[in-house]
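Reader: I would like to learn how to read a model like this one step by step, with the general idea given before the particular case. Where should we begin?

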Amino acid sequence: MQVEHHELHLEFPEHAEAIAVLKAGNAHFAKLLGSYNRLTGKVEDLEEHDMPVSDFTLEDMKKQRVKLKDDLYHLMLAYRAGQNRSKA
């Protein structure tokens with residue numbers, strides 16, 4: 001089965017700097033990113049190896065991943081907004 005990869009830097013290449021800075025300097029972002037990466041790895045592993053798991057379980061995992069990605073995205077937007085204010 002072809003598995004689509006969802007690493008954050010692939011999902012948001014335009015936010016590469018924000019990801020690197022926040023990962024190193026923001027404990028909350030780093031914690032969310034770790035959770036996102038672990039969950040993404042589990043989902044991809046289940047899909048890649050066609051492991052038996054209920055549709056509900058897999059969909060729930062994907063919903064959790066989307067929530068984490070949304071939270072991370074908002075933190076990246078806040079970082080960029082702060083960068084833009086400091087340049088003005």
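Author: Let us begin with the term contact, which here means heavy atoms within 4.5 Å. With that in hand, consider the contacts in the protein chain with a separation of 6 or more: residues 24 or more positions apart account for 69% of them. Please keep in mind throughout that this is a predicted model.

Reader: What does the protein chain average in pLDDT, and where is confidence lowest and highest?

Author: The chain averages a pLDDT of 89, and 93% of the residues score at least 70. Confidence is lowest in helix 1 (residues 8-11), with a mean of 90, and highest in helix 2, with 96.

Reader: How many helices and strands does the protein chain have?

Author: The chain has four helices and zero strands, and its pattern along the sequence is α-α-α-α. The C-alpha trace spans about 55 × 20 × 20 Å along its principal axes. Of the 88 residues, 31% are buried, while the chain exposes about 6000 Å², of which carbon and sulfur atoms supply 55%.

Reader: How should I read the largest nonpolar core, and which of its residues touch the most other members?

Author: In soluble globular proteins, nonpolar side chains tend to be buried together. Here the largest nonpolar core has 18 residues, and those touching the most other members are Leu8, Leu22, Phe29, Leu33, Tyr36, Leu72 and Met76. Helix 2 (16-25), helix 3 (27-48) and helix 4 (55-87) each supply at least two residues of this core, and helix 3 gives the most, with seven residues. Phe29 serves as an example: not counting residues up to four places away in sequence, Phe29 touches Leu8, Ile19, Leu22, Lys23, Leu72, Leu75 and Met76.

Reader: Which residues of helix 2 are buried, and which are exposed on the other side?

Author: An α-helix has 3.6 residues a turn, so residues three or four places apart point the same way. In helix 2 the buried residues are Ala18, Ile19 and Leu22. They cover an arc of only 100 degrees around the axis, and therefore lie on the same side of helix 2. On the other side of helix 2, Glu17, Ala24 and Gly25 are exposed.

Reader: How many aromatic pairs does the structure hold, and how is such a pair described?

Author: A pair of aromatic rings is described by the distance of the centres and the angle of the planes. The structure holds one aromatic pair. Phe12 and Tyr73 are stacked, at 5.0 Å centre to centre and with 25 degrees between the planes. Because Phe12 lies in the loop between helix 1 and helix 2 and Tyr73 in helix 4, the pair ties together parts that are 61 residues apart in sequence. Phe12 counts as buried, at 13% relative accessibility, whereas Tyr73 is partly exposed, with a relative accessible area of 27%.

Reader: Is Lys69 buried or exposed, and what is in contact with Lys69?

Author: Lys69 has its place in helix 4. Since buried means under 20% relative accessible area, Lys69 counts as buried at 18% relative accessibility. Leaving aside neighbours within four places in sequence, Lys69 is in contact with Leu8, Glu11, Phe12 and Tyr36.

Reader: What is Ala30 in contact with, leaving aside its neighbours within four places in sequence?

Author: Ala30, which is found in helix 3, is in contact with Leu22 and Lys23 when those neighbours are left aside. Ala30 is partly exposed, with a relative accessible area of 30%. The C-alpha atoms of Ala30 and Met51 are separated by 29 Å, the two residues being 21 residues apart along the chain.

Note on methods: Residues are numbered from 1 along each chain as its sequence is written. This is a predicted model: local features need pLDDT of at least 70, side-chain atom pairs count only at pLDDT 80 or more; totals for chains, interfaces and linings use all residues. Side-chain values use heavy atoms; hydrogens and water are left out. A nonpolar core is a set of buried Ala, Val, Leu, Ile, Met, Phe, Trp, Tyr and Cys residues joined through side-chain atoms within 4.5 Å. Buried means under 20% relative accessible area, exposed over 50%, partly exposed in between (1.4 Å probe, protein chains only). pLDDT is the predictor's confidence in each residue, from 0 to 100. Rings of Phe, Tyr and Trp (its six-membered ring) pair if their centres lie within 6.5 Å; planes under 30 degrees apart count as stacked, over 60 as edge-to-face and the rest as tilted. The arc is that of the directions from the helix axis to the C-beta atoms. Accessible areas come from the Shrake-Rupley method with a 1.4 Å probe; for residues, only the protein chains shown count as cover.
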